Protein chains: 2
Amino acid sequence: MNITLDIIGYIAATLTTASFLPQAILTIKTKDTDSLSLSMYSIFTLGVLFWLIYGIYKSDNAIIFANAITLLLASSILSFKIYNTVCKKG
Amino acid sequence: MNITLDIIGYIAATLTTASFLPQAILTIKTKDTDSLSLSMYSIFTLGVLFWLIYGIYKSDNAIIFANAITLLLASSILSFKIYNTVCKKG
C-alpha cells in the first residue's frame, strides 16, 4: 500500500513537472505568448520558488529536484511573456 | 521552525493553485489558446489527477483541496485548447 502510494506520488510529481517542458519548448520556438497569462506565470513561478524553499528546509530531495526543474522552465516562459509585454507584443 | 515550514508550504500551495485562475479567466474570456501547449495541459491535468488520487489515499485534505481546484481550472483551459485544436484554430 505504501509502495503504491509512493508510486502514485512519483507519477504525479513527474507529470506536473514534465508538463512545463512542452510549453517552454513551444514558447521558445514560436516566441508567441499572446494567450499566456502574465499573472499566472508570475504567481506560479513565485509559488514554485516557495516550494523549493520548503523542500530545502525539509531536506526533501524529491521536492527540491522537481521544483528546481519547474522553476527553470516556468521562469523561462515568464521571461518571454515579460519581454513580449514590455515590447507591447501581448 | 515547524510552524514556519508549514506557513511556507501553505503559501507555496496557495500560489501554485491560485495561479491557474487568471489563466482560466483569460482563456475563457478571449477563447485564444494559440500559445498554450496542448501537451502541457494534457500532461499537467493528468498529473493533477494523480495528485488528487494521492491526496485521497493519504486522507490529506490540503492536497485534496488544492488539487481539486487546480484540476477544475486546468481541465477548463484544456477543454478550450482541445476545442480550438479540433476546430483547427490552433
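In the predicted model, A:F44 is buried, since its relative accessibility is 5%, where buried denotes a relative accessible area under 20%, exposed one over 50%, and partly exposed the range in between, evaluated with a 1.4 Å probe on protein chains only. B:F20, at 0% relative accessibility, is likewise classed as buried. A:F44 and B:F20 constitute one of the eight aromatic pairs found over all chains, a pair being defined by ring centres of Phe, Tyr or Trp (its six-membered ring) within 6.5 Å, with planes under 30 degrees apart called stacked, over 60 edge-to-face and the rest tilted. With 5.8 Å from centre to centre and 80° between the planes, the A:F44 and B:F20 pair is edge-to-face. This pair runs between chains, linking helix α3 (residues 38-58) of chain A, which holds A:F44, to helix α2 (residues 20-30) of chain B, which holds B:F20; helices (H or I, at least four residues) and strands (E, at least two) are taken as DSSP runs numbered from the N terminus.

A further edge-to-face pair is formed by A:W51 and A:Y54, whose ring centres lie 5.5 Å apart and whose planes meet at 85°. A:W51 and A:Y54 are three residues apart in helix α3 of chain A, and therefore about one helical turn separates them. A:W51 is partly exposed at a relative accessible area of 23%, whereas A:Y54 counts as buried at 15%. One aromatic cluster draws on both chains and comprises A:F20, A:Y41, A:F44, B:F20, B:Y41 and B:F44.

Members of this cluster recur in the nonpolar core, defined as a set of buried Ala, Val, Leu, Ile, Met, Phe, Trp, Tyr and Cys residues joined through side-chain atoms within 4.5 Å. The largest such core has 26 residues, among which A:F20, A:Y41, B:F20 and B:Y41 touch the most other members. Two or more residues are contributed to this core by each of α2 (20-30), α3 and α4 (61-86) of chain A, and by each of α2, α3 (38-58) and α4 (61-86) of chain B. When neighbours within four places in sequence are set aside, the contacts of B:Y41 (heavy atoms within 4.5 Å) are A:M40, B:F20, B:Q23, B:L36, B:A74, B:I77 and B:L78.

The relation between the chains was examined by least-squares superposition on the C-alpha atoms of residues with pLDDT of at least 70 in both copies. A turn of 180° with a shift of 0.0 Å along the axis lays chain B on chain A with an RMSD of 0.0 Å, and the two copies are thus related as by a two-fold rotation axis. Within chain B, the residue closest to this axis is B:S35, at 2.7 Å for its C-alpha atom. Because 100% of the interface residues of chain B are also interface residues in chain A, the copies meet through the same surface.

Chain A contains four helices and zero strands, and 40% of its 90 residues count as buried. Its C-alpha atoms fill a box of roughly 50 × 25 × 15 Å along the principal axes. Zero disulfides (cysteine sulfur atoms within 2.5 Å) are counted over all chains.

Residues are numbered from 1 along each chain as its sequence is written, and chains are lettered from A and ligands numbered from 1 in the order in which they are written. For this predicted model, local features need pLDDT of at least 70 and side-chain atom pairs count only at pLDDT 80 or more, while totals for chains, interfaces and linings use all residues, and side-chain values use heavy atoms, with hydrogens and water left out.
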